[in-house]
Amino acid sequence: MTERTPRIAIIGAGPAGLTLARILHINGIAATVFEREEHALSRPQGGTLDLHAESGQLALRRAGLEREFLRIARYEDQGSRLYDKDGQLIMADDDDSGDRPEANRSALREILLASLPDGTVQWGRELREVYARPDGAYDLAFGVDLLGPFDLVVGADGAWSRVRPLVSRYRPQYSGLTFIEFGIDDVDARHPAISALVGRGKIGAEGDGRSMIVQRNANAHLRGYAIFRVPADWAERTFDFSAPAAARARLMAEFDGWAPALLALIAASNDHIVARAIHALPVGHHWQNRVGVTLLGDAAHVMSPFGGEGVNAAMLDAAELARHLVEASDWKEAVKLYEQEMFDRVVEPATHAAEAAATELSHIGPELTLEHVRRHAEMRAEMAAAG
Ligand SMILES: Cc1cc2nc3c(=O)[nH]c(=O)nc-3n(C[C@H](O)[C@H](O)[C@H](O)COP(=O)(O)OP(=O)(O)OC[C@H]3O[C@@H](n4cnc5c(N)ncnc54)[C@H](O)[C@@H]3O)c2cc1C
């Protein structure tokens, strides 16, 4: 970059924001990351993510973190099985030779954080408002503090981005699906039958308008999602999450009539049971370029988690925005180029995620899910072949 280097603020220390900060850093461009959480471990960072060769892993290579990634990557956990509600196996793919290894989200955050100079991330900074200054730069309001000026504000602040309203009127819409999340600890030692049922990777089960996904995480931990097509406020009306035993019993009652082996997954869950209403921006969401503001990751294109593309798309956005900023002679043009390419690139995964959400829990049962899983596998093979 030959023009004056912009003063860059990145809002959000998720996978997108941290990847961007890291790649800029190794290319000699400083940025400050503002994160609302008080510190790196102030909340559980969520479950396991599969990082794809052509996106998530590519971003980590460009970040110079390939070796660090290999230390946390679980190639052995790429399997996938689908059951019906009677516990009959209807599809199994136990092949671990693919290139979509799993990594725990907190481990990913740790390697990205460790790669940044001290002070890059300012914790406990929840962005409240962005103010445009008469000189074209921006000031950022955090609580009572006003920080700035910044030439480029990057919204990497997830689905409910406070930066997005500067460029877009759209807000994520409820997909009609609510996940009730649960976890099983120390599964290999304490629940060998469940460990064998789930195998290495993840299982899905569907029937009677309900479904379940359970994924193997690191450290013999399983994370499960019970999935319902219900109004957005159903979970809070139905469960008392402050009384986990009652919430667990209520959840089991929702799966009445399912095979005991599948019900055992819920029965074995620990007390961390929470609801996640799934929201998405419309496929093709885009905006008119506004000098000094851009979005990446979920802030730009939150999609339903079916297909596991969200974090990969977010990290590729970061890698591509960084590449354009490093290569371009004019940072404003670099941002424009990044946006144009990102809008096009994200349409396909967002379409697949939206289709999967629309067909999940359909009345024709698991056949559609199976069809979707097959089509998704074909798409992945095509993307991998295209490099
Ligand atoms: C239940 C569920 C399961 C999922 N499973 C998968 C999966 O298996 N594979 C996959 O690829 N994707 C999955 N996803 C999607 C994935 O989590 C996201 O696509 C990914 O985390 C996006 O990264 P990001 O950095 O853009 O945003 P985020 O990870 O949301 O990070 C945003 C960061 O910004 C911070 N922040 C937010 N607001 C502010 C503010 N005002 N000021 C300062 N900081 C702020 C947040 O605290 C957070 O640290 C799943 C999502 C859900 C809900």
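**Questions on a predicted model**

Q: In which helix is the place of Ala-356?
A: The model discussed here is predicted. Ala-356 has its place in a helix that covers residues 331-359. That helix is α12.

Q: Is Ala-356 buried or exposed?
A: The relative accessible area of Ala-356 is 4%. Buried means under 20% relative accessible area. Ala-356 is therefore classed as buried.

Q: What distance separates the C-alpha atoms of Ala-356 and Glu-102?
A: Along the chain, Ala-356 and Glu-102 are 254 residues apart. In space, the separation of their C-alpha atoms is 21 Å.

Q: What distance separates the C-alpha atoms of Ser-80 and Val-291?
A: Ser-80 belongs to strand β4, residues 79-84, and is buried at a relative accessible area of 17%. Val-291 is 211 residues from Ser-80 along the chain. The distance between the two C-alpha atoms is 44 Å.

Q: How many helices and strands does the secondary structure of the protein come to, and why is the protein called as compact as a globular protein of that length?
A: The secondary structure comprises 13 helices and 17 strands. For 387 residues the globule rule gives 21 Å, and the protein is as compact as a globular protein of that length because its radius of gyration is close to this, at 21 Å.

Q: What are the spans of the C-alpha trace along its principal axes?
A: Of the 387 residues, 54% count as buried. The C-alpha trace extends along its principal axes over about 65 × 45 × 35 Å.

Q: Which strands are tied together by the salt bridge between Glu-181 and Arg-223?
A: The closest N and O atoms of Glu-181 and Arg-223 are 2.5 Å apart in this salt bridge. The two residues are 42 residues apart in sequence, so their pairing ties together separate parts of the chain. Glu-181 lies within residues 173-184 and Arg-223 within residues 222-229; these strands are β12 and β15.

Q: What is the relative accessible area of Arg-223?
A: Glu-181, the salt-bridge partner of Arg-223, is buried at 1% relative accessibility. Arg-223 is buried as well, with a relative accessible area of 10%.

Q: Which residue meets Arg-216 in a salt bridge?
A: The N to O distance of this salt bridge is 3.2 Å. Arg-216 lies in strand β14 (residues 210-216), and its partner, 28 residues apart, lies in helix α5 (residues 187-190). Arg-216 is buried at 3% relative accessible area, whereas the partner is partly exposed at 37%. The partner is Asp-188.

Q: Which helix holds both Arg-250 and Glu-254?
A: The side chains of Arg-250 and Glu-254 form a salt bridge of 2.8 Å, N to O. Arg-250 is partly exposed at 33% relative accessibility, while Glu-254 is buried at 15%. The two residues are 4 residues apart, about one turn of the helix. They both lie in residues 244-254, helix α8.

Q: How many salt bridges does the structure hold?
A: Salt bridges that share partners join Arg-62, Glu-320, Arg-323, Glu-327 and Glu-341 into one network. In total, the number of salt bridges in the structure is 25.

Q: Which residues gather in a patch of negative charge on the surface?
A: One of them is Asp-93, which lies in strand β5, residues 89-93. A residue in a patch must have over 30% relative accessible area, and Asp-93 is partly exposed at 34%. The patch consists of Glu-76, Asp-93, Asp-95 and Asp-96.

Q: Which peptide bond is cis, with omega near 0°?
A: One residue of this bond, Pro-149, is found in strand β10, residues 145-150. The cis peptide bond runs from Gly-148 to Pro-149.

Q: What is the phi of Asp-186?
A: Asp-186 occupies the loop between β12 and α5 and is partly exposed at a relative accessible area of 38%. Its phi is positive although the residue is other than glycine, with a value near 50°.

Q: Where is Asn-219 found?
A: Asn-219 has a positive phi of about 60° although it is not a glycine. Its relative accessible area is 72%, and Asn-219 is exposed. Asn-219 is located in the loop between β14 and β15.

Notes. Residues numbered from 1 in each chain as written. Predicted model: local features only at pLDDT ≥ 70, side-chain atom pairs only at ≥ 80, totals over all residues. Heavy atoms only, no water. Patch = residues over 30% accessible without salt bridge, like charges linked within 9 Å, V, L, I, M, F, W, Y side chains within 5 Å. Areas by Shrake-Rupley, 256 points an atom, 1.4 Å probe, with all protein chains shown as cover. Salt bridge = Lys/Arg side-chain N within 4 Å of Asp/Glu carboxyl O. Lys, Arg positive; Asp, Glu negative; His and termini not counted. Charge placed at Lys NZ, Arg CZ, Asp CG, Glu CD. Buried < 20%, exposed > 50% of the residue type's maximum accessible area, 1.4 Å probe, protein only. Rg over C-alpha atoms; globule rule 2.2 N^0.38 Å.
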